[in-house]
Amino acid sequence: MVAYLTRSWTTLLPLALVGVLTVVLAQGFALPPGLLASIVPGQPSGLPRIGAAPALALTTQDGDRLALSELGGKVVLVTFIYTSCTDTCPLLTGKLAGVRDNLGADFGSRVHFLSVTTDPERDTPDVLREYGGRFKADPAGWAFLTGTPAEVAEVTGAYGIFVRRTPRGDVDHSFLTSLIDRHGTLRVQYLGTRFNPDELLADVRALVRER
Amino acid sequence: MLMDRATRLPGRLSRRRFVQAAAGVGLSAAGLALVSACGSQGLPALPFNSVSALETTTIRIPINAGICVAPQYVAEDLLRAEGFTDVQYIQMPGSLITGAMAAGEIDIGMQFSGPLMIRIDAGDPIVALAGVHVGCFELFGSDQVRAILDLKGKDVAINQIGGPEHVFLASMAAYVGLNPTQDINWMTLPAAEGKQLLAQGKIGAYLGFPPDPQELRASKVGHSVVNSAVDKPWSQYFCCMLAANQQFVQQHPVATKRGLRAVLKAADICASDPAQVAQLLTDKGYTTQYDFALQLMKELPYDKWREYDPEDTIRFYALRLHEAGMIKQNPDVIIQKGTNWRFLNELKQELKV
């Protein structure tokens with residue numbers, strides 16, 4: 001009887017291991033889209049492909065011209081702010097700074113942030129440089145962009161941002177942060193400023209690892 | 001994904017057409033190369049939000065006294081940002097919206113789920129695209145009405161037979177086993193008169209849509225019997241859905257998706273910034289009562305469009321309306337004939353908060 005059990009276990013043990021492995025893998029693949037891909041290189045992110053990200057070419061805080069097309073091969077985050085905004089824009093920029101801190105070495109080398117002003121008349125490169133400095137933004141990975149009003153209007157329109165100057169001089173605009181993959185495809189957008197930064201971080205990492 | 005032709009016919013877009021389309025929207029040479037390099041992955045050729053992909057830049061939306069449909073008003077600027085240059089708000093009573101939608105006089109708009117189903121059941125070319133918010137209607141009773149069952153034999157004021165008040169109350173009556181046709185005495189009256197009769201105790205109940213419930217509560221008229229924003233099962237289903245003319249959807253899939261995207265973004269804004277939205281509704285003249293608008297924005301769950309399944313709403317109300325004898329077909333037929341969740345399902349993935 002003992003010998004029978006021993007033989008059975010030697011036969012069944014590999015099968016049991018295969019079974020356990022199968023369950024573990026199945027659970028792994030049932031993880032939310034983005035989470036597994038943020039861990040395993042090459043794993044599809046599961047994020048949708050909305051369309052080709054609209055082209056943009058504007059002036060950075062250092063006075064250089066930067067086009068989205070120059071960032072090919074990097075995951076790009078595009079957001080819209082203006083520097084004299086005292087409530088929501090700093091919250092959004094601060095949230096992105098937190099994501100930057102968690103990206104580690106990927107920030108700059110594989111991930112680039114673009115914060116486009118919605119107030120180009122006041123937000124000159126100098127103003128943007130000072131604003132970025134408040135968030136310790138390294139220009140190597142985080143460009144604050146401005147341009148002529150017409151250039152900026154073209155970009156805000158292309159990304160679906162509405163912008164309106166109020167009589168008080170503020171700029172009403174919608175908050176929409178767009179995540180673009182390494183191939184220039186818009187993958188997901190985050191509305192407002194209350195999105196979960198951990199979810200954004202996971203999505204960014206998933207796109208970094210995605211083939 | 002944007003439902004442009006390239007997306008709908010993957011692999012059938014010639015490179016020449018692709019280049020023409022991309023150049024037409026001002027994509028830079030470098031950008032073109034970038035996108036072109038991705039062609040093997042079946043990516044759409046046109047940039048997100050490209051104006052040239054829009055089949056029409058005109059969109060017609062109903063407007064009426066109801067403010068629970070705030071997302072479609074808040075959406076005005078967002079629609080312009082989506083590329084619509086001609087955003088028309090067409091004034092009409094709420095009871096005429098489904099008819100106007102079926103006739104193609106309006107393209108897209110929010111409407112109560114019950115009346116939508118009645119029109120779909122009747123064969124009208126209307127397509128429900130998404131649920132937008134839960135629970136705006138509220139049943140107020142006199143001292144004699146403490147529960148829905150108490151409506152038996154009572155006078156109930158509604159605007160119109162077949163209108164939203166009638167349809168929702170008939171659904172509620174059917175749900176508790178009443179025969180809405182035989183057991184309730186329906187009185188068709190203007191809203192103001194109905195509220196006045198309730199205040200005088202001359203009718204048993206009044207079903208109000210915003211801002212009626214806020215007004216009745218403020219003036220302490222009657223008492224709430226059912227508040228569909230919080231009372232189950234009503235709070236588990238959408239009240240207002242976004243629907244469109246069927247031909248508009250078929251001929252303008254990109255415009256349909258962008259219109260839906262603008263309204264759903266606006267619903268998120270209603271949920272996250274109620275004070276700002278209440279102010280906008282007041283400033284633009286949709287209401288004169290800021291306090292009621294703010295109360296409404298805070299009470300209504302505008303953040304359920306991702307969470308709740310609109311098909312559950314169709315099934316629930318279709319069964320109730322079938323029990324009440326107001327529709328003939330079963331929920332599956334209504335869903336097959338009059339819904340299209342494709343755009344909603346895409347947006348649930350594409351738009352996060």
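A polar contact is a pair of N or O atoms within 3.5 Å; within protein, one must be able to donate a hydrogen and the other to accept it, and residues adjacent in sequence count only if both atoms are side-chain atoms. Keep that in mind for the first stop.

This is a predicted model: local features need pLDDT of at least 70, side-chain atom pairs count only at pLDDT 80 or more, and totals for chains, interfaces and linings use all residues. Residues are numbered from 1 along each chain as its sequence is written, chains are lettered from A and ligands numbered from 1 in the order in which they are written, and side-chain values use heavy atoms, with hydrogens and water left out.

**Stop 1: A:Thr117**

Select A:Thr117. It sits in strand β5 (residues 111–117) of chain A; strands (E, at least two residues) and helices (H or I, at least four) are DSSP runs, numbered from the N terminus. A:Thr117 is buried, at 0% relative accessible area. Buried means under 20% (1.4 Å probe, protein chains only). Now add A:Asp119. Its backbone nitrogen is 2.9 Å from a polar atom of the A:Thr117 side chain. Beyond four places in sequence, A:Thr117 has contacts (heavy atoms within 4.5 Å) that include A:Ile81, A:Tyr82 and A:Val152.

**Stop 2: helix α3(A)**

Select residues 88–103 of chain A, which form α3. How far apart are the end C-alpha atoms of α3(A)? They are 23 Å apart, which agrees with the 22 Å expected for 16 residues. The expected span is 1.5 Å times one less than the number of residues. Buried residues here include A:Cys89, A:Leu92 and A:Leu103. After the helix comes A:Gly104, with a positive phi near 60°.

**Stop 3: the largest pocket**

The largest pocket has a volume of about 1100 Å³. On a 1 Å grid over the protein atoms alone, a pocket is an open set of points where a 1.4 Å probe fits, with protein on both sides within 12 Å along at least five of seven lines; lining residues have an atom within 4 Å of a point.

Select A:Asp172, A:His173, A:Phe175, B:Asp273 and B:Gln276. Of the 37 lining residues, these are the closest to the centre. Which helix gives the most to the lining? That is α13(B), with five residues. The lining divides into 15 nonpolar, eleven polar and eleven charged residues.

**Stop 4: B:Pro180**

Select B:Pro180, in helix α8 (residues 180–183) of chain B. B:Pro180 is buried, at 3% relative accessibility. Beyond four places in sequence, B:Pro180 is in contact with B:Ala170, B:Ala173, B:Trp186 and B:Ala324. Finally, select B:Glu76. Its C-alpha atom is 39 Å from that of B:Pro180, and the two are 104 residues apart along the chain.

Note on methods
Grid points are joined across faces, edges and corners, and a volume is the space filled by probe spheres set on the points. Ala, Val, Leu, Ile, Met, Phe, Trp, Tyr, Cys and Pro count as nonpolar, Asp, Glu, Lys and Arg as charged, and the others, Gly among them, as polar. Buried means under 20% relative accessible area, exposed over 50%, partly exposed in between (1.4 Å probe, protein chains only).
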